[in-house]
Amino acid sequence: MAEFPSTARVVIIGGGAIGVSTLYHLAKEGWTDCVLLEKNELTAGSTWHAAGNCPNFSASWAVMNMQRYSLEMYRTLAEDVDYPMNYHVTGALRLGHTKERMKEFERVAGMARYQGLEMDMLTPKEALDYYPFLETHDLAGVLWDPLDGDIDPAQLTQAMAKGARDLGANIQRFCPATGVSRDGDEWVVHTEKGDIKCEFVVNCAGYYAKRVGEWFKPYGGRDVPMVVMSHQYFLTEEIPEIEAWTKENGRKLPMIRDVDSSYYLRQDKHGLNLGPYEVNCKAHWVTKDDPMPQDFSFQLYPDDLERLEWYIEDAMGRVPLLGTSGVGRVINGPIPYAPDGLPLMGPMPGVKNAFEAHSFTFGIVQAGGAGKVMAEWITTGETEWDMWAVDGRRYTDHADFDFCHNKALETYGHEYAMHFPHHEWPAARNKKLSQNHDRLVADGGQMGAYNGWERANYFAKDGDDISEAATETWNRNGPWAVRVKEEVEACRDNVGVLDMPGFSRYSLTGAGAAEWLRTQVAGALPKAGRMNLGYFADTRGRIVTEVTIIRFAEDEFMLMTAAVAQWHDFEFLQKSLPADGSLTLVDITTDYSTLLVCGPKSRDMLSGLTDADLTTGWLTHQDATFAGKPAKLMRICFGGELGWEIHTKTEDTANAYSAIRDAGATPFGMFALDSMRIEKGYRTWKGDLSTDYTLLEGGLGRFVRLNKEQDFPGKAALLAEQQQGSKKGFVTLIVEAGDSDAPYMSTLWKDGEVVGETTSGNFGYRVNKSIALGMVRADLTTPGTELEVEIFGERCKAIVQEDAPIWDPENDRIRA
């Protein structure tokens with residue numbers, strides 16, 4: 001037997017499908033000096049009892065990429081590593097009961113076709129050709145995914161383990177990790193067999209990930225935002241009709257997912273496997289009366305079929321054969337859930353050279369892609385696809401136990417829910433409140449959560465339908481539409497105010513701060529007293545983030561970024577700071593709050609509230625007294641009108657807001673702001689501004705200084721792109737849309753060929769048009785080019801606009 005390793009480049013904690021896939025992909029990248037630690041046998045956690053379903057379907061672009069890669073990999077894996085596996089590509093029927101569900105199917109099918117996957121829309125009658133035992137009388141339609149299926153989770157994991165071992169990687173079974181410590185710049189992973197020094201450590205501990213995460217808290221870590229849910233499915237005894245159909249057709253029946261009733265039903269041998277996601281779900285190991293065992297390897301919870309009664313009856317009505325056979329076996333096992341049901345992946349927040357890949361609710365189908373992504377993150381610090389949707393840094397300090405528990409219950413109970421553009425999920429809200437929160441709500445504010453901060457989306461009036469049900473639509477014109485239009489018009493014609501707590505902001509000081517920034521940002525720095533946008537790229541020249549750079553003095557700056565970017569951008573900036581400690585970067589997000597004052601009469605209104613010089617130009621800032629308190633006034637407006645951001649100490653925000661409201665400003669919300677910003681072509685963070693695109697592709701060339709003397713990440717790649725020409729280009733489109741605007745990642749077509757995708761879409765109330773921003777093939781960026789954008793299955797005419805804002809193209813109103 002091989003000697004126990006005392007050193008490694010990477011140590012992975014956890015031997016389920018995710019950990020083993022990460023090891024396998026590291027080995028494929030040539031990183032063979034890697035060790036995986038498993039406390040029991042491989043697959044002893046959630047992997048061993050997983051159903052092993054393998055869909056391509058996902059409403060998330062990043063997750064669909066992971067799943068697509070996984071299934072491509074699995075189709076050849078047995079041959080690639082010489083390990084036999086049971087992998088059944090049966091196809092799947094996803095049942096739609098409503099027109100809203102059918103729109104979701106059309107949207108995902110469009111995304112899938114862009115990624116090279118064929119998904120077809122079927123009539124209920126056509127579905128019977130695939131599954132003759134199905135009751136279809138109440139269905140609106142069906143989505144057919146021919147590449148869906150199921151795989152044996154244990155065989156998959158063992159196959160990847162064999163591939164990793166064959167490449168030289170080391171797997172230590174029955175070797176629990178017991179803790180970590182630091183020795184200089186190295187990690188020391190402690191085990192019962194000895195210590196292993198390593199450069200990187202990865203938490204792939206599945207439902208133990210929260211416990212493992214505790215080990216990293218002394219080194220900057222946080223409470224891992226996850227909860228362990230109980231998921232049940234049961235297997236029937238054999239059903240003769242299914243056995244006969246299988247023998248006659250030489251294949252298994254396709255999977256059924258009745259997503260409006262919330263369960264999957266698939267053939268298992270000659271019986272059926274029913275797996276519901278019930279609303280009356282249950283979390284485990286969340287109370288003192290139910291502590292997490294030290295070891296739960298290869299164990300299950302007691303059966304609790306009473307929770308599933310409604311779903312069983314519904315499924316028997318859908319496929320009556322289900323009711324003809326008894327229950328053969330019940331599986332009730334632990335599955336880790338992050339608050340939104342997506343995995344937690346990437347750099348471990350706050351911890352140097354530590355990573356995480358856990359909390360997978362669909363870990364088997366995502367394991368292949370997750371291993372690829374994690375190997376990229378560890379070896380290069382960059383991933384092929386933008387992975388913000390699953391980045392663990394998307395949850396910050398608002399994700400306490402109450403938040404994680406209640407959001408996990410909500411997410412599990414609505415596993416197949418549609419995520420409508422104007423709908424806000426109600427669980428675990430009010431985690432971070434502005435001083436103005438009560439007044440906003442009293443004024444009719446319909447609130448949304450932004451990195452846990454409550455902001456008004458729009459303001460309802462008496463008689464408006466503010467029910468949750470009213471927001472469960474893809475249509476633009478819900479009860480909010482008339483109010484959003486009124487708020488935009490107030491900003492266009494008079495003056496509006498938006499309470500915007502939670503902007504992420506950092507103080508950067510120290511001798512040499514300006515020169516350091518010049519080596520990080522692609523463009524130029526503002527002069528003292530001014531501000532500008534700075535764009536940061538990765539080594540390939542792709543967009544990492546956008547930061548507003550506010551310069552107070554030669555080496556004194558405030559850097560502002562999106563609320564949700566708080567931990568992501570802080571770590572991105574921090575990791576590049578000089579090692580000598582000469583610069584200080586401090587997160588001051590909670591010290592200040594922001595009010596956006598917007599509209600042609602804003603100067604007149606503000607003149608009675610402040611001693612600031614309101615004649616200073618666009619992109620200037622100044623210290624002043626505002627409503628009797630110190631404040632910073634910044635001449636900038638994301639809404640594209642004459643306006644200022646009023647930055648006050650957090651405790652002074654209510655005083656400033658009251659003064660502005662008392663002076664006659666109309667409150668407006670985030671929906672109105674998004675409508676106005678898209679008319680100006682302003683980009684959104686991790687929508688339009690994504691690492692899927694380079695700075696030049698993203699239309700940000702005016703913010704790039706390739707001739708400056710300082711090198712910066714991505715400069716060489718951008719110089720090469722400039723010389724060779726970009727393959728894609730950013731465009732603004734006016735769309736002849738119907739009742740819905742273009743969602744993120746809607747496919748763009750030209751003459752029957754896929755040529756690009758949208759990055760955001762909304763309705764512009766000042767120009768009375770539906771607008772989309774997007775990325776297209778470079779030869780199609782000429783103004784006037786006619787394209788089509790696929791919106792919920794319908795191809796709508798879209799015209800490329802001039803490279804200028806649609807509203808106020810000369811920026812006269814902003815500069816007034």
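The legends below describe close-up views of a predicted model.

**Figure 1. The whole chain, with 19 helices and 38 strands.**
The C-alpha trace spans about 80 × 65 × 60 Å along its principal axes. For 816 residues, a compact globule would have a radius of gyration near 28 Å, and the 27 Å of the chain agrees with this. Of the 816 residues, 61% are buried. Among contacts with a separation of 6 or more, 73% are between residues 24 or more positions apart. The accessible surface of the chain is about 30400 Å², and carbon and sulfur atoms account for 48% of that surface.

**Figure 2. Strand E4 (residues 92-96) and its two partners, E6 and E13.**
All five of the five residues in E4 are buried, so the strand is largely enclosed by the rest of the structure. Burial applies to both faces: Ala92, Arg94 and Gly96 lie on one side, and Leu93 and Leu95 on the other. General background for this view is that strands of a sheet pair through backbone hydrogen bonds, either parallel or antiparallel. E4 shows both cases, as the next two sentences set out. With strand E6 (residues 141-145), E4 forms five bridges in the antiparallel sense, and leucine 93 stands opposite tryptophan 144 of E6. With strand E13 (residues 255-258), E4 runs parallel and is joined by four bridges; here alanine 92 stands opposite methionine 255.

**Figure 3. Two arginines placed over aromatic rings, Arg94 and Arg9.**
Arginine 94, one of the buried residues of E4, has its charged end over the ring of phenylalanine 57, at 3.8 Å from the ring centre. Arginine 9 lies over the face of tryptophan 31, and the distance to the ring centre is 3.5 Å.

**Figure 4. The aromatic pair of tyrosine 69 and tryptophan 385.**
A pair of aromatic rings is described by the distance of the centres and the angle of the planes. The whole structure contains 32 aromatic pairs. In the pair of tyrosine 69 and tryptophan 385, the centres are 6.4 Å apart and the planes are at 70°, an edge-to-face arrangement. Tyrosine 69 belongs to helix H3 (residues 61-81), while tryptophan 385 sits in the loop between helix H10 (363-380) and helix H11 (401-413), so the pair ties together parts 316 residues apart in sequence. Tryptophan 385 has a relative accessible area of 8% and is buried. Elsewhere, ring pairs join Tyr207, Tyr208, Trp285, Phe296 and Tyr301 into a cluster.

**Figure 5. Strand E17 (residues 327-337) beside strand E12.**
Eight of the eleven residues in E17 are buried, so this strand is largely enclosed by the rest of the structure. E12 (residues 227-236) runs antiparallel to E17, and ten bridges join the two. At one of these positions, tyrosine 233 has isoleucine 331 of E17 as its bridge partner.

**Figure 6. An open sheet of six strands with mixed pairing.**
The strand order is E29-E30-E31-E28-E22-E32. Strand E29 (621-626) and strand E32 (666-667) stand at the edges with a single partner strand each, so one side of each has no neighbour in the sheet. Strand E30 (residues 629-634) pairs with strand E31 (residues 643-649) in the antiparallel sense over four bridges. Leucine 633 has isoleucine 646 of E31 as its bridge partner.

**Figure 7. Two helices with buried residues, H13 and H15.**
Arginine 483 is part of helix H13 (residues 481-493). Its relative accessible area is 12%, which is under the 20% limit, so arginine 483 counts as buried. Not counting residues up to four places away in sequence, arginine 483 touches Tyr458, Phe459, Ala460, Lys461 and Asp464. In helix H15 (residues 566-574), seven of the nine residues are buried, so the helix is largely enclosed by the rest of the structure. The buried residues of H15 are Gln566, His568, Asp569, Phe570, Glu571, Phe572 and Leu573.

**Figure 8. The surroundings of leucine 733 in strand E33 (residues 728-735).**
Leucine 733 is buried, and its relative accessible area is 0%. Leaving aside neighbours within four places in sequence, leucine 733 contacts Leu748, Ser770, Ile771, Ala772, Leu787, Ala798, Ile799, Val800 and Gln801. Valine 789 is 56 residues from leucine 733 along the chain, and the C-alpha atoms of these two residues are 9.3 Å apart.

Terms used: Residues numbered from 1 in each chain as written. Predicted model: local features only at pLDDT ≥ 70, side-chain atom pairs only at ≥ 80, totals over all residues. Heavy atoms only, no water. Buried < 20%, exposed > 50% of the residue type's maximum accessible area, 1.4 Å probe, protein only. Contact = heavy atoms within 4.5 Å. Phe/Tyr/Trp six-rings, centres within 6.5 Å; stacked < 30°, edge-to-face > 60°. Lys NZ or Arg CZ within 6 Å of the ring centre and 35° of its normal. Rg over C-alpha atoms; globule rule 2.2 N^0.38 Å. Areas by Shrake-Rupley, 256 points an atom, 1.4 Å probe, with all protein chains shown as cover. Pairing = 2+ DSSP bridges.
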